[in-house]
Amino acid sequence: MANLLVRNVDEKVVQQLRERAAAHGRSVEAEHRVILATVLGKKTRHKSFAEVLAGMPDVGEDADFARVSEQGNAARVFD
């Protein structure tokens, strides 16, 4: 295992670290390790298409999404 020395840390940050460590029942050093591992160990996971669809709200009626019939007088959207 490597050692890490952090210098010139603001006293307010150190106090917050102490308080957080006490709240979790850990030493300041152990809390520091947990914070580093948590922040640096996160990997961004993109949602799948199915997850995005499942997260959409259930609004509107099916008729709202019906296809417009292809009649000769239909508006030309992309012209």
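**The largest pocket and its helical setting**

By class, 6 nonpolar, 2 polar and 2 charged residues line the largest pocket of this predicted model. The residues concerned are Met1, Ala2, Asn3, Leu4, Leu17, Val28, Glu29, His32, Arg33 and Leu36. Helix α2, which covers residues 28–41, is the element that gives the most to this lining, with 5 residues. The space inside the largest pocket comes to about 320 Å³. As a general point for reading such a lining, an α-helix has 3.6 residues a turn, so residues three or four places apart point the same way.

A look at the whole chain helps to place the pocket. The secondary structure consists of 3 helices and 0 strands, and the pattern along the sequence reads α-α-α. Of the 79 residues in the chain, 5% are buried. The accessible surface amounts to about 8100 Å², and carbon and sulfur atoms account for 55% of that surface.

Helix α1 can be followed from one end to the other. At its start, a side-chain oxygen of Asp10 comes to within 2.8 Å of the backbone nitrogen of Lys12. The helix runs over residues 11–24, and because each residue should add 1.5 Å, its 14 residues are expected to span 20 Å. The C-alpha atoms at the two ends of α1 lie 20 Å apart, in agreement with that expectation. After α1 comes Gly25, which has a positive phi, near 70 degrees.

Conventions
Residues are numbered from 1 along each chain as its sequence is written. This is a predicted model: local features need pLDDT of at least 70, side-chain atom pairs count only at pLDDT 80 or more; totals for chains, interfaces and linings use all residues. Side-chain values use heavy atoms; hydrogens and water are left out. On a 1 Å grid over the protein atoms alone, a cavity is a set of points where a 1.4 Å probe fits but cannot get out, and a pocket is an open set with protein on both sides within 12 Å along at least five of seven lines; lining residues have an atom within 4 Å of a point. Grid points are joined across faces, edges and corners, and a volume is the space filled by probe spheres set on the points. Helices (H or I, at least four residues) and strands (E, at least two) are DSSP runs, numbered from the N terminus. Ala, Val, Leu, Ile, Met, Phe, Trp, Tyr, Cys and Pro count as nonpolar, Asp, Glu, Lys and Arg as charged, and the others, Gly among them, as polar. The expected span of a helix is 1.5 Å times one less than its number of residues. A polar contact is a pair of N or O atoms within 3.5 Å; within protein, one must be able to donate a hydrogen and the other to accept it, and residues adjacent in sequence count only if both atoms are side-chain atoms. Buried means under 20% relative accessible area, exposed over 50%, partly exposed in between (1.4 Å probe, protein chains only). Accessible areas come from the Shrake-Rupley method with a 1.4 Å probe; for residues, only the protein chains shown count as cover.
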